[in-house]
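Biologist: Could you walk me through this model? I would like to hear the reasoning behind each label.
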Amino acid sequence: MGVPSDEVVQIQHPDAADDPTVVTVSCSDKTGLGCDLCRVVLLFGLNILKGDMSTDGRWCYIVLWVVPRRRGRGPMAWDLLKERLVELCPAAASFGFDSSYLEPDDLAPAAPQVFLLKFCCFDRMGLLHDVTRVLCEMELTIRRVKVSTTPDGRVMDLFFITDARELLHTKNRREEAYERLQGVLGDSVTSCEIDSATEDMSCCIQASALLSPHVLEQMFDIDLIEGQLSHSRSNSCLSVTMDNSLSPVHTLIQIQCVDHKGLVYDIMRTLKDCSIQISYGRFYAGQKGRCELDLFAVQSDGKKILDQQKQRTLCSRLRMELLCPLRVALVDRGPDMELLVANPVEVSGKGRPLVFYDITLALKNLHKRIFLAEIGRHVVDDREWEVYRVHLGEHDHELSCSARSKIVDGVMNMLMGWD
């Protein structure tokens with residue numbers, strides 16, 4: 001399953017260029033660690049081909065076989081990936097004692113400092129994606145964004161960001177950001193500033209408008225979504241079952257499905273939010289895009305999942321997350337067309353990474369200009385969603401059905417890794 005090592009995280013590179021890289025994590029366990037690790041793997045643009053994980057509740061051992069999802073995007077930052085994975089592992093692993101004896105407050109990381117990036121320049125095709133790409137490459141996480149375009153073709157963009165390196169308060173880090181941004185904004189930029197976000201700015205990062213009943217039904221009605229996807233390839237290959245007869249202490253969750261970007265993260269996120277713990281699991285992605293998972297799981301109390309209603313609820317939740325982990329819709333909003341993308345937020349408050357990056361890249365590839373954009377959070381049926389709202393402008397108001405479908409499919413395919 002990997003190479004024994006005293007290191008918490010070890011990365012073993014393959015001999016052949018097309019073979020996967022093996023990432024091994026061995027550390028003391030904590031609730032949701034598998035989900036957090038898979039989130040970082042997704043953030044770094046890696047696809048998990050195979051995975052093994054096991055834990056006794058105190059110590060865990062995880063091995064992931066990964067490959068870059070897109071070739072030709074430059075060298076992979078493996079050292080930085082290792083650093084970010086190590087940061088997720090409980091500090092107790094370094095000292096040889098059980099982290100479960102620590103108080104939760106001792107384990108909770110401090111909230112990152114939020115900064116406001118604001119700039120003004122002339123608009124052009126793909127500008128927003130190019131800025132988003134620079135921020136992602138610098139590990140500057142976009143928490144909220146407010147984008148607007150004036151009639152004379154200027155854009156005023158506000159990004160509320162945090163720095164994974166926690167250095168954005170320093171002069172050198174800000175100058176690096178200014179230099180990188182100048183490279184994509186060009187000579188038309190009239191202002192570019194980064195300041196600490198104050199509490200008074202919090203109102204600017206909230207959703208500006210409620211979602212209409214039509215949008216809520218179109219994006220969140222489970223029966224409607226399942227009906228729309230009933231004849232899709234994803235649905236025909238999807239199977240989620242539970243079995244309590246094969247283990248005296250664990251429930252076996254078996255999943256067969258079509259692969260998509262962030263598949264293992266979506267499964268681990270769902271189980272984490274439902275307070276289901278994995279004791280042992282195996283994952284394998286076949287050559288034809290079909291995946292199989294065997295997960296031996298228990299409830300948070302350490303017992304098997306015996307309640308029939310809990311089994312049905314969990315299977316239904318997993319099915320929906322595998323069929324449609326993100327929701328995409330294109331609706332009329334006055335004279336404009338508005339693209340909406342809903343991203344599920346973990347109970348911990350984290351959203352799926354790189355969603356805005358994928359949205360802006362898809363629209364750039366479709367040659368669609370972005371006139372207004374914002375990110376806000378909404379609670380629908382007791383679940384929190386991060387909703388991205390993008391106005392495509394008046395000239396797209398009367399698009400044909402096929403043209404609308406092309407936009408929705410283009411964005412969804414980018415998000416799911418089917419591009």
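Biologist: Happy to start broadly: what percentage of the residues in the protein is buried?

Modeller: Bear in mind that this is a predicted model. Of the 419 residues, 48% are buried. The label is given to a residue with under 20% relative accessible area.

Biologist: And what makes up the secondary structure, in helices and strands?

Modeller: The protein has twelve helices and 16 strands. As for its surface, about 20,700 Å² is exposed, and carbon and sulfur atoms supply 51% of that.

Biologist: Why is helix α9 described as largely enclosed by the rest of the structure?

Modeller: Helix α9 spans residues 263–273, and ten of its eleven residues are buried, so the description "largely enclosed" follows. Among the buried ones are Leu263, Tyr265, Met268 and Leu271, and also the charged-type names Asp266, Arg269 and Asp273. After the helix comes Ser275, with a positive phi near 60 degrees.

Biologist: How do you know that the side chains of strand β9 alternate?

Modeller: Look at residues 239–243. Val240 and Met242 point to one face and are buried, whereas Ser239, Thr241 and Asp243 point to the other and are not. That fits the general rule, since side chains in a regular strand alternate between the two faces of the sheet.

Biologist: What makes β9 and β10 a pair?

Modeller: Pairing requires at least two bridges between the strands. β9 and β10 (residues 251–258) are joined by five and run antiparallel, so they qualify as a pair. Within this pairing, Val240 lies opposite Ile255 of β10.

Biologist: Now the eight-stranded sheet: why are β8 and β13 called edge strands?

Modeller: The sheet is open, with antiparallel pairing and the order β8-β5-β7-β6-β15-β16-β14-β13. β8 (191–196) and β13 (327–333) each pair on one side only, which is what the word "edge" refers to here. From one strand to the next, the twist averages 25 degrees.

Biologist: How many bridges join β5 to β7?

Modeller: Eight bridges link β5 (residues 115–122) to β7 (residues 154–163), and the two strands run antiparallel. By the cut-off of at least two bridges, they therefore count as paired. One of the partnerships is between Phe122 and Arg154 in β7.

Biologist: And which strands does helix α4 touch?

Modeller: Helix α4 (residues 127–137) packs on the sheet and touches β5, β6 (140–149), β7 and β15 (372–380). Touching here means heavy atoms within 4.5 Å. The direction of α4 makes about 20 degrees with that of β7.

How values were computed. Residues are numbered from 1 along each chain as its sequence is written. This is a predicted model: local features need pLDDT of at least 70, side-chain atom pairs count only at pLDDT 80 or more; totals for chains, interfaces and linings use all residues. Side-chain values use heavy atoms; hydrogens and water are left out. Buried means under 20% relative accessible area, exposed over 50%, partly exposed in between (1.4 Å probe, protein chains only). Helices (H or I, at least four residues) and strands (E, at least two) are DSSP runs, numbered from the N terminus. Accessible areas come from the Shrake-Rupley method with a 1.4 Å probe; for residues, only the protein chains shown count as cover. Axes are lines fitted to C-alpha atoms, for helices over the stretch in contact, and angles run from 0 to 180 degrees between N-to-C directions.
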